[in-house]
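Dear colleague,

I am passing on to you the structure that follows, together with some notes on what turned up when it was examined. Please read the notes with the structure open beside them.

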Amino acid sequence: MRKRRIHFYITTILLFALATFSNAQRLITADYNHVKGPLNTFFKECIGAGRANEGLRADWQKQLAFVKKECGFEYIRMHGLLHDDMGIVYKEDKNGNAIYNWNYIDLLYDYLLSIGMKPFVELSFMPSALASNKQTVFWWKGNISYPKNETAWYKLINELVKHLTQRYGKQEVAKWYFEVWNEPNLKDLFFAGTMQDYFKLYALTAKAVKDADAGYKVGGPATAGSGWITEFIDYCSTNKVPVDFVATHTYGVKNGFVDLDGQRGHIIDNKYSSLYSEVISTKNKITQSALPALPLHYTEWSSSYSSRDPIHDSYHQCAYILDKLKNTGDAVNSMSYWVFTDIFEENGPGATPFHGGFGLLNNDGITKPAFYAYQYLNKLGATELNNSDKASWVCKSASGNVQVLLWDFTITHPGDSVNNETYYKRDLPSKRKGHTSISLKNIPSGNYRLNIYKTGYGANDAYTAWYKMGSPIFPTPEQISTLKQENNGKPALSSVVHINDGIFKKDISINENDVYLIDLIKQ
């Protein structure tokens, strides 16, 4: 009896301690005068898109202009620049002479430059007139074969780069990146050859770029899962092949494969260090290589590599993005989120408004929670303040504004017992996580407009709103308008505060996977 009583007391104490810990107050403190340094904006260096031909569509262009304005991305990367649907960039006359057509590429790049963006040029896939076999990928049939004529491939790339130089100027094109192919280590999915075949293709392509202008940036291997990094660098170093940067990809699921129809099932990796630990490991491979100073660009990343995974639509994605970026730190030069829009057709267009598409926006231009991760990041000032909290940024602007971006990242997925495709399609109310106390000091005196923005369950959470609307497959214009209005990113709270002692304090009740941006705007 006594043992039972002792066990009861111990259990009660443990449960109380656990409850106290789960609701413990989190502290975020910063001093306006204690500067860490310039904010590293690697997160908005580049964004992905599906394929080049989609970039000729009016709705795609409208969405990109909006995302550029709100999120500040500098570069954009996409597949299929050399695919036949880009105006048949390469064909031959009856005598076998090359005929080039750059019209569609010009239209696309003219538009990108007109809105202040630059291309991160992925040189893929194989024009049919140069293809050595008929292996293709996606519903639009991008050819994945090695060129049947290496000289003609070299000339195609060299003429393209010279044309871009003539049209846009050497000073402009020198700011671009030329990346050779896409995920060649996924044999017979994205490339029909071996690793050595890819290295040969890379060397040929890099020479074509450099022969147009030695100052242009070219890199690879653009692999899935951070593959071939050491082998690629060793090859370039040993064979004196030019390389200006390393590019690769990573996604946060631990099973499945590239899934074009959403039928295979995926499970999010429930290790909190997933994804960013791989990025850091890749950086370490570079620093320990024969070319230790090479920049590192992750030209694709997201929680899942399926364009039918509902995690992409979920409110969980906002905190996921921020947590992975924060923990990546200074290991990369860019992390290009895959992708900016659900106007994305690897296996044809999505059949429903929220079909698990990769985008920050859905087909109708409705903003998803993922969008707000990048919009909030873009609102941060250029100077980062010292801050020991691991799930926040505190910044200030030259104008005297101060921003605190904070989040809770909690993996609520139960693990191997259920696929993402089942779990994230549900209504998933978030649980209470406790309070966060923010304390800032030495803020210049004066009046400030205090705007507090929130994304989480039921807040800028268009999927849940659509789900509760009855999940209409073909929403009416009125329903689309309602979803846009209810999830428009306006401040959850806006007021004027006066600071005369340099102190700003705010307590926030926070739930699992809530994201808050506190913006103090000097009046």
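The notes below deal with cavities and then with one helix pair.

Please keep in mind that this is a predicted model. A search of the whole structure finds 3 cavities of 30 Å³ or more, and the two described here are the largest, with about 80 Å³ of space, and the second largest, with about 50 Å³.

The largest cavity has a lining made up of I268, I311, H316, Q317, Y320, F409, T410, I411, T412, H413, Y424 and N513, and by class this lining holds 6 nonpolar and 6 polar residues but no charged ones.

The second largest cavity is lined by I76, R77, M78, L81, L108, Y109, P119, F120, V121 and E122; two or more of its lining residues come from each of β4 (75-79), α3 (103-114) and β7 (118-123), with β7 giving the largest share, 4 residues. Here the lining divides into 8 nonpolar and 2 charged residues, with no polar ones.

The helix α3 also packs against another helix, α4 (residues 150-168), with axes that come within 12 Å and cross at roughly 45°. Since angles from 65 to 115 degrees count as roughly perpendicular and those under 35 as roughly parallel, α3 and α4 are therefore oblique to each other, and their crossing is right-handed. On the α3 side the contact is made by I105, D106, Y109, D110 and L113, and on the α4 side by L160, H163, L164, R167 and Y168; by class, the contact has 6 nonpolar, 1 polar and 3 charged residues. Y109 of α3 thus appears both in this contact and in the lining of the second largest cavity.

With best regards

Methods:
Residues are numbered from 1 along each chain as its sequence is written. This is a predicted model: local features need pLDDT of at least 70, side-chain atom pairs count only at pLDDT 80 or more; totals for chains, interfaces and linings use all residues. Side-chain values use heavy atoms; hydrogens and water are left out. On a 1 Å grid over the protein atoms alone, a cavity is a set of points where a 1.4 Å probe fits but cannot get out, and a pocket is an open set with protein on both sides within 12 Å along at least five of seven lines; lining residues have an atom within 4 Å of a point. Grid points are joined across faces, edges and corners, and a volume is the space filled by probe spheres set on the points. Ala, Val, Leu, Ile, Met, Phe, Trp, Tyr, Cys and Pro count as nonpolar, Asp, Glu, Lys and Arg as charged, and the others, Gly among them, as polar. Axes are lines fitted to C-alpha atoms, for helices over the stretch in contact, and angles run from 0 to 180 degrees between N-to-C directions. Angles under 35 degrees count as roughly parallel, over 145 as roughly antiparallel, 65 to 115 as roughly perpendicular and the rest as oblique. A crossing is left-handed if the near helix is turned anticlockwise from the far one by less than a right angle, and right-handed if clockwise. Contact means heavy atoms within 4.5 Å.
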